[in-house]
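This briefing is meant for a reader who is meeting the structure for the first time. Please keep the sequence and the 3D view at hand while going through the points below.

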Amino acid sequence: MTHNTPLSPRPLRHLADGHRRVVTTAQLRSHGVTAAELSEQCRPDGPWRELLPNVILLHPGPPTGEERLHGALLYTARAAEPAVPAQPTAGSPHRPLYADAVLTGLAALALHGFSSAPPLPALDQVDVLVQRPRRLRSTGYVRVRRTSVLPAPRTVAGLPVAPVPRALADAVAELTDAEAVRRLLTEAVRGGHCEPAAVVRELTQAKLLGRPHVVDAVDALLAEGRSIAEDRLYGMVGEYGLPDPVWNVDLRLPGGPHLGGVDAYWPDHAVAVELDTRAPRQDDDALWSEYARKREHLERLGITVVYLTPKKLRDCPEQQAAVVRTALMASGDRDPAAYVVVLPR
C-alpha cells in the first residue's frame, strides 16, 4: 500500500445496536464515509435512509420510537459526539452526547411513565427544547420549541428530558382536548410526579391559564392535590403517634364572627394545622393576604397555627410531625387561649 492508496471506511457494524443505529452525517464522515457512499447507501432500495436532515437511520425499515427520539435529539443538538467517541485522555472534559437539546411535551411525559400520554411510536410530533437564538427549523416529525432558558434536564433512558411540570406545560400548549389535558394534569399529581403548585407555575409562565379548558383542568388538579395532601396529613398523624385532632373544622367565637376553617385542630392544646395548597396564580398575593389575616387573628386569640405544604408532607413527614408535636408540647407554656366554637365544615 502506498501513501496514495485510498482508505476504506471504518467498519460500521458496531453501530447496529440501540441508538447508534441513528447517526449524523458528520459522524459517518468521521468513519470515512464519503458523500458518494452515503448517497449510494441511502438510495430508495438501499440499506440506510435519511430520517431527518443530516440524520441517517442505519437500517431500511421504519424507526422505532427510541430511534425517533435519538434522531430528534441528533437533529437539534448543537454538537453531538462522534458515533464512537475517541478514548478520553486524562483530565479531558466530557461533552454531552446531546448538547443544548431537551425532549419535552408528550414524548417527555411518555418517558416519565405517564399512562395518559400516547406511546412513543404513536406520536406524530416530538417536541424538543432549544435555546431561543439558535437558527433551527421544525422538520419532519420534530417540532422545535425555543426557550430563553433551557430547563435542567432529567436523564431518562439515557435521554435529556424536561422535568414533568415543564413537559406538561409544553404538552398542554398543543392540546385542545379538555379531557386529555385533565387526564395529564391529574396523573401528574396522583402519580406522585410533582406537586400542583409546580404545574400551575409552569402553566402561568406559559400564559395558558387564559384557556377555559386549561382552567377547568387546573381546578380539578388542585382538588386532587388537596385530597392527596389531606391523606398525607392523616397518615402523618397516625404514623408518628400524634394525638388525634378534630378534622376539617370551622372555628368561631361564641356568638361572634367566623374565624376560618382549618384542616386539623387540637382543642385541648389550641393548635391548628392548615395545609398550604395555594398555587401561584394571578390572585396569589390576595390569597396569601387572606391566609396571613386569618393566622394573625387566630394567634391573637392564643391559637397556634402550623402551616404544612403538600411537598414537605411528601418528602419529610417525620420532620413535619416533629413541628406539630413541638407546637402541641409548647401549649402548656402559653397563656390559655380564648374559647372558640368548633364546627364541622
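Of the 345 residues in the protein, 44% are buried, and it should be kept in mind throughout that this is a predicted model. The protein has 11 helices and 13 strands, and its accessible surface comes to about 18100 Å², with 52% of that area belonging to carbon and sulfur atoms. Among the contacts that join residues at least 6 apart in sequence, 60% are between residues at least 24 apart.

**Nonpolar cores**

- The largest nonpolar core has 59 residues, and those with the most contacts inside it are Leu 109, Val 128, Leu 168, Leu 185 and Leu 203.
- Helix α5, which covers residues 164-172, supplies the largest share of this core, namely six residues.
- A second core, separate from the largest one, has 17 residues, including Ala 264, Val 306, Leu 308 and Leu 313.
- When residues up to four places away in sequence are not counted, Val 128 touches several stretches of the chain: Ala 72, Leu 73 and Thr 76, then Ala 101, Val 102, Leu 103 and Thr 104, and also Val 142, Arg 143, Val 144 and Arg 145.

**Helix α7 and its surroundings**

- Helix α7 spans residues 196-205, and its buried residues are Pro 196, Ala 198, Val 199, Val 200 and Leu 203.
- These buried residues of α7 pack against three helices, which are α5, α6 (178-190) and α8 (212-239).
- After α7 comes Lys 207, whose phi is positive, with a value near 60 degrees.

**The three-stranded sheet**

- Three strands form an open sheet in the order β1-β3-β2, and their pairing is antiparallel.
- The edges are taken by β1 (22-24) and β2 (49-52), and because each of them has a single partner strand, one side of each is left without a neighbour in the sheet.
- From one strand to the next, the twist of this sheet averages 40 degrees.
- Strand β3 (residues 55-57) pairs with β2 in the antiparallel sense over three bridges; Glu 50 has Ile 56 in β3 as its bridge partner, while Leu 52 stands opposite Val 55 in β3.
- The hairpin of β2 and β3 has two residues between the strands, and in it Asn 54 takes a positive phi near 65 degrees.

**Thr 25 in helix α1**

- Thr 25 is found in helix α1, which covers residues 25-30, and with a relative accessible area of 12% it is counted as buried, because that value is under 20%.
- Once neighbours within four places in sequence are left aside, Thr 25 is in contact with Leu 38, Asn 54 and Ile 56.
- Thr 25 and Pro 53 are 28 residues apart in sequence, yet their C-alpha atoms are 9.0 Å apart in space.

**The five-stranded sheet**

- Another open sheet has five strands in the order β12-β11-β10-β9-β13, with mixed pairing.
- Its edge strands are β12 (304-308) and β13 (341-344), each of which pairs on one side only.
- On average, and with direction ignored, neighbouring strands of this sheet are turned by 45 degrees against each other.
- Strands β10 (residues 258-266) and β11 (residues 271-275) run antiparallel and are joined by three bridges, and the bridge partner of Tyr 265 in β11 is Ala 272.
- Helix α11, made up of residues 317-330, lies across β10, β11 and β12, and runs at about 180 degrees to β12.

**Cysteines and disulfides**

- A disulfide is a covalent bond between the sulfur atoms of two cysteines.
- How many disulfides does a search of the whole structure find? The search finds zero.
- Cys 42 has a relative accessible area of 24% and is therefore partly exposed, since that value falls between the 20% limit for buried residues and the 50% limit for exposed ones.
- Cys 194, by contrast, has a relative accessible area of 7% and is buried.

Terms used:
Residues are numbered from 1 along each chain as its sequence is written. This is a predicted model: local features need pLDDT of at least 70, side-chain atom pairs count only at pLDDT 80 or more; totals for chains, interfaces and linings use all residues. Side-chain values use heavy atoms; hydrogens and water are left out. A nonpolar core is a set of buried Ala, Val, Leu, Ile, Met, Phe, Trp, Tyr and Cys residues joined through side-chain atoms within 4.5 Å. Buried means under 20% relative accessible area, exposed over 50%, partly exposed in between (1.4 Å probe, protein chains only). Helices (H or I, at least four residues) and strands (E, at least two) are DSSP runs, numbered from the N terminus. Contact means heavy atoms within 4.5 Å. A disulfide is a pair of cysteine sulfur atoms within 2.5 Å. Two strands pair if DSSP finds at least two bridges between them. Axes are lines fitted to C-alpha atoms, for helices over the stretch in contact, and angles run from 0 to 180 degrees between N-to-C directions. Accessible areas come from the Shrake-Rupley method with a 1.4 Å probe; for residues, only the protein chains shown count as cover.
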